[in-house]
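Me: I am new to this structure. Please take me through it with a close look at one part, and then connect that part to the rest.

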Amino acid sequence: MSEILDVWIGKSIDCACGLRHEVPIRRIIIERDALAQVKVSLSVIRENAMGEVAADEEAIVQVMLDTPLSSKILLAVGAGTVHDIVRFVAHRTKRPFLSEPTAPSVDGFASVGAPLIVRGFKQTIPACAPEAIFADLAVLAKAPQAMIAAGLGDMLGKHTSLADWSLGRVLLGEHYCELSARLTLEAVELCTAQLAEIAQRTDLGLLRLMEGLILSGLSMLLVGHSRPASGAEHHLSHYWEMVLLQQRRRALLHGAKVGVATVLMAQRYQALQGLTADEAAARLAQGHVPSELTDAERIRQVYGDMAEMVIAENFPANGTAVDAQALKARIAEKWGDVQAIARAVPAPAQLIAWLEAVQGPVTPEQLGVEPELVEASLQDALFVRNRFTNLRLQRLL
Ligand SMILES: [Zn+2]
Ligand SMILES: [Zn+2]
């Protein structure tokens with residue numbers, strides 16, 4: 001039982017944002033020996049040719065073959081990847097699924113989408129949220145340090161994803177939910193308030209980190225998309241992941257990449273704070289004016305085999321194109337708001353201190369991402385998702 005999370009169980013809210021929000025999860029247990037509260041039979045997902053467990057076709061078929069037709073319910077025991085495999089199989093075989101996280105490494109446990117690698121491409125497939133989550137603190141305490149650090153990295157990314165969402169709200173009139181944004185911020189603050197406890201893996205530290213991760217997942221469930229919890233820091237992370245996959249290099253932990261990318265994006269928010277309205281207006285007048293034509297050309301140059309998929313994401317057939325000149329005028333007009341959004345992002349040095357407190361990587365070098373890849377991602381990761389972020393703002397300046 002968790003006082004912080006229990007109030008959200010099965011909740012349905014007619015929100016001030018205009019949407020009706022539903023939380024389909026019926027039970028969340030975070031305590032020692034939580035696993036004793038469920039009964040299981042096993043499918044152990046095998047490693048692929050790379051020696052990794054990946055959420056890909058092979059793993060999905062294995063779980064389907066291992067699941068007796070008589071099974072009523074599936075239980076995911078593992079971290080993010082295992083959850084994505086089971087979430088997808090449960091959804092497609094019309095069975096409910098339960099979650100038993102073995103590491104507090106990612107905020108995707110409570111989410112609906114399953115990021116899967118299909119024919120070498122990563123895509124998020126709509127699936128289902130777990131009916132219940134059983135997080136055993138004794139199991140979480142034995143997770144590798146890198147996975148605990150990754151969980152904190154994924155959480156710190158909320159600072160920049162929330163800022164990106166605010167930019168979309170102010171500059172493009174994007175739908176914004178105060179409740180979901182507030183919960184996401186509370187989720188990350190639950191964690192940063194207990195960093196020493198998290199570093200020492202105490203029950204309180206692990207409880208707060210797990211609560212933060214699940215609460216962030218709930219805030220995504222409320223709005224039905226990942227906007228509150230995923231901005232440019234995630235787009236950088238996805239870009240690195242896709243390049244590593246293409247080059248057949250070992251995968252990196254999602255939250256480790258997000259943590260490092262959050263520092264990079266916070267540096268870019270800090271740079272915005274230093275630009276006066278006059279300087280911004282001058283840059284907007286001179287800067288690059290992207291168009292669908294130039295963007296599509298660029299995407300074909302850098303995304304290779306994936307280019308058509310990326311173009312479809314950026315320019316959906318039924319979408320309305322954003323006029324770059326009108327957007328520039330809007331940015332100039334709203335520069336005070338942009339600066340206020342930038343000021344709300346913690347300083348890069350603060351983010352680095354938080355990551356270091358749990359021994360997480362803070363630079364691309366420590367992560368094993370080379371400078372050329374960082375540079376390429378800062379240019380082109382904005383195309384990963386058709387979503388307004390600080391990367392999309394900065395290329396207009
Ligand atoms: Zn994430
Ligand atoms: Zn709302």
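Me: Where does glycine 10 sit, and which residues does glycine 10 touch?

Reply: Glycine 10 belongs to the loop that runs between helix H1 (3-6) and strand S1 (12-14). The model is a predicted one. Glycine 10 has a relative accessible area of 49%. Exposed would need over 50%, so glycine 10 counts as partly exposed. Leaving aside residues up to four places away in sequence, glycine 10 touches Val23 and Ile25. There is also a link to a residue farther along the chain. Glutamate 131 is 121 residues away in sequence, yet the two C-alpha atoms are separated by 9.8 Å.

Now take another loop, the one between strand S7 (121-126) and strand S8 (132-136). Alanine 127 is placed there. Its relative accessibility is 9%. Buried means under 20%, so alanine 127 is buried. Its contacts, not counting residues up to four places away in sequence, are Arg87, Phe88, His91, Val112, Gly113 and Ala114. Phenylalanine 109 is 18 residues from alanine 127 in sequence, and their C-alpha atoms are 12 Å apart.

Two further loop residues share a backbone feature. Lysine 94 has a phi near 55°, which is positive although the residue is not glycine. Lysine 94 sits in the loop between helix H3 (80-92) and S5. With a relative accessible area of 76%, lysine 94 is exposed. Arginine 201 also has a positive phi near 55°, and arginine 201 is not glycine either. The loop of arginine 201 lies between helix H7 (195-199) and H8. Arginine 201 is partly exposed, at 22% relative accessibility.

Strand S5 comes after the loop of lysine 94. S5 covers residues 97-101 and holds glutamate 100. Is glutamate 100 buried or exposed? Glutamate 100 is buried, because its relative accessible area is 1%. Setting aside residues up to four places away in sequence, glutamate 100 is in contact with Leu35, Leu75, Ala76, Val77, Gly78, His83, Phe134, Asp136 and Val139. Alanine 317 lies far off by comparison with these contacts: 217 residues away in sequence and 40 Å away in space, C-alpha to C-alpha.

Helix H8 comes after the loop of arginine 201. H8 runs over residues 203-223, which makes 21 residues. From first C-alpha to last, H8 reaches 30 Å, close to the 30 Å expected at 1.5 Å a residue. Most of H8 is covered, with 18 of its 21 residues buried. Glycine 224 follows H8, and its phi is positive, near 80°.

Next, the nonpolar interior. In soluble globular proteins, nonpolar side chains tend to be buried together. Here the largest nonpolar core has 77 residues. Ile30, Leu171, Ile214 and Leu218 have the most contacts inside this core. Helix H5 (residues 145-172) gives the largest share, 12 residues. Another core lies apart from this one. That core has 29 residues, including Trp240, Leu244, Ile299 and Phe383.

The model also holds a zinc ion, ligand 1. Which residues are its protein donors? They are Asp154, through OD, and His234 and His254, each through NE2. These donors lie 2.1 Å from the zinc ion. Their spacing in sequence is D-x79-H-x19-H. The two histidines link distant parts of the chain: histidine 234 is in helix H9 (residues 232-246), and histidine 254 is in helix H10 (residues 254-273), 20 residues apart. Their exposure can be set side by side. Histidine 234 is buried, because its relative accessibility is 4%. Histidine 254 is partly exposed, because its relative accessibility is 23%.

Last, the empty space. Rolling a probe the size of a water molecule over the atoms shows where empty space is left. The second largest pocket has a volume of about 740 Å³. Its lining is made of 23 residues. Nearest its centre lie Asn314, Thr320, Val322, Asn386 and Arg392. Three helices each supply at least two lining residues: helix H12 (292-303), helix H13 (307-314) and helix H14 (324-333).

Conventions: Residues numbered from 1 in each chain as written. Chains lettered and ligands numbered in written order. Predicted model: local features only at pLDDT ≥ 70, side-chain atom pairs only at ≥ 80, totals over all residues. Heavy atoms only, no water. Core = buried A, V, L, I, M, F, W, Y, C linked by side-chain atoms within 4.5 Å. Buried < 20%, exposed > 50% of the residue type's maximum accessible area, 1.4 Å probe, protein only. Helix = DSSP H or I, 4+ residues; strand = E, 2+ residues; numbered from the N terminus. Contact = heavy atoms within 4.5 Å. Donors = N, O, S within 2.8 Å, 3.2 Å for Na, K, Ca; no water. Expected span 1.5 Å × (residues − 1). 1 Å grid on protein atoms, 1.4 Å probe; cavity = no way out; pocket = protein on both sides within 12 Å on 5 of 7 lines; lining within 4 Å. Points joined across faces, edges and corners; volume = space filled by probe spheres on them.
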